[in-house]
Amino acid sequence: MNIEDKYKSYFSSRGVDPSIYKNARLPYYLRTVFQKGKSILDIGCGFGQNMYALLNEGYTNVHGIDVSQAAVEYCLTQGLSVEHCDIMNYSGDRYDYVLMSHVLEHLPKECVVPILRKIREEILATDGALCIMVPNAQSNTDCYWAYEDFTHYTLFTAGSLLYVLREAGFTDIEFLDPDGLSPSAGWKKWIKYLLLKAYVGNKLFWNKVTGSAYHRPSPMIFTWELKCLAKGKHNANPM
């Protein structure tokens, strides 16, 4: 089965209605990431939810690609700049930013590093950045998202996401909003902060009681998704 057949009925089988995305808002943690006027490529754009969000915030140079012909056709009817393409066959322009939201977990493990390497070497501009989001296996919902979506191959922790990005040649990697507090303010933010500290303390306490452990060099992030910005130099004109 090729990748197009696999995702031909993905959205309908998952009960995803494209109409819910038209008023999409950009997450708080992304509002200081992208610069206005810079080019953005949304890989795995689906029905355009992230593209809508960017356009609604005043970003204009926004493009997308997806392997689902149905999703691409819908986006085109909405006036979005979208192309039907498998990322490994992409040979278009370079971009200042690549956005890859909840795509990596849909890829077989053997494809993850080669695709990330291709993004760094062939799609990003010289000083470009990859903004990537994936479900977090260390979150409170842990393995739920591995099985809720039948097309998921894997989930990530902060450590495994760092691993695949480093293996692909990214050297400057920053986790965005690691505590998940960016939408909150004032006393609500402090209450969430304190509750999160208690949650982490509880996790570590029971790890000690049960003789369990987390990989020490890996950041402990417990939000339901991991969000990070990754950069890595490449030779734009190889010999």
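His 102 sits in the loop that runs between strand S4 (95-101) and helix H5 (109-123). In this predicted model, the phi of His 102 comes out near 55°, a positive value in a residue other than glycine. That stands out a little, since most residues other than glycine have a negative phi. His 102 also turns up in the list of residues closest to the centre of the largest pocket, next to Tyr 10, Ser 101, Val 103 and His 106.

His 106 belongs to the loop between S4 and H5 as well. Is His 106 buried or exposed? With a relative accessible area of 11%, His 106 falls under the 20% cut-off, so it counts as buried. Its side chain makes two polar contacts worth pointing out. One goes to the side chain of Thr 151, at 2.8 Å, and another reaches the side chain of His 152, at 3.5 Å.

Now for the pocket itself. The largest pocket has a volume of about 1,100 Å³, and 44 residues line it. Which parts of the chain build that lining? At least two residues each come from helix H1 (3-7), helix H2 (10-13), helix H3 (49-56), strand S2 (62-66), S4, H5 and strand S5 (124-135). By residue type, the lining splits into 27 nonpolar, 9 polar and 8 charged.

The second largest pocket holds about 260 Å³ of space. Its lining is made of 14 residues, and those closest to the centre are Asp 179, Leu 196, Tyr 199, Val 200 and Phe 222. Here the split is 10 nonpolar, 2 polar and 2 charged.

H3, one of the helices that help line the largest pocket, also has a buried side to its story. Asn 50, Met 51, Tyr 52, Ala 53 and Leu 54 are buried in this helix. What do these buried residues pack against? Their partners are strand S1 (40-43), S2, helix H4 (69-77), strand S3 (82-84) and S4. Just past the end of H3, Gly 58 takes a positive phi of about 100°.

Then there is the matter of how the inside is filled. In soluble globular proteins, nonpolar side chains tend to be buried together. The largest nonpolar core in this model has 36 residues, and Met 100, Leu 104, Leu 116, Leu 130 and Leu 161 touch the most other members. Two or more residues each are given to this core by S1, S4, H5, S5, helix H7 (158-167), strand S6 (172-175) and strand S7 (225-231). H5 gives the most, with 6 residues. Leaving aside neighbours within four places in sequence, Met 100 is in contact with Ile 43, Leu 107, Ile 115, Ile 119, Leu 130, Cys 131, Ile 132 and Met 133. Apart from this core lies another one, of 31 residues, with Leu 54, Ala 71, Leu 80 and Ala 129 among them. Leu 54 is also on the list of buried residues in H3.

One more backbone detail comes from Asp 142, in the loop between S5 and helix H6 (144-148). Its phi is near 25°, again a positive value in a residue other than glycine. Asp 142 has a relative accessible area of 31% and is partly exposed, whereas His 106 is buried.

Technical notes
Residues numbered from 1 in each chain as written. Predicted model: local features only at pLDDT ≥ 70, side-chain atom pairs only at ≥ 80, totals over all residues. Heavy atoms only, no water. 1 Å grid on protein atoms, 1.4 Å probe; cavity = no way out; pocket = protein on both sides within 12 Å on 5 of 7 lines; lining within 4 Å. Points joined across faces, edges and corners; volume = space filled by probe spheres on them. Helix = DSSP H or I, 4+ residues; strand = E, 2+ residues; numbered from the N terminus. Nonpolar A, V, L, I, M, F, W, Y, C, P; charged D, E, K, R; others polar. Buried < 20%, exposed > 50% of the residue type's maximum accessible area, 1.4 Å probe, protein only. Contact = heavy atoms within 4.5 Å. Polar contact = N/O pair within 3.5 Å; in protein donor to acceptor, adjacent residues only side chain to side chain. Core = buried A, V, L, I, M, F, W, Y, C linked by side-chain atoms within 4.5 Å.
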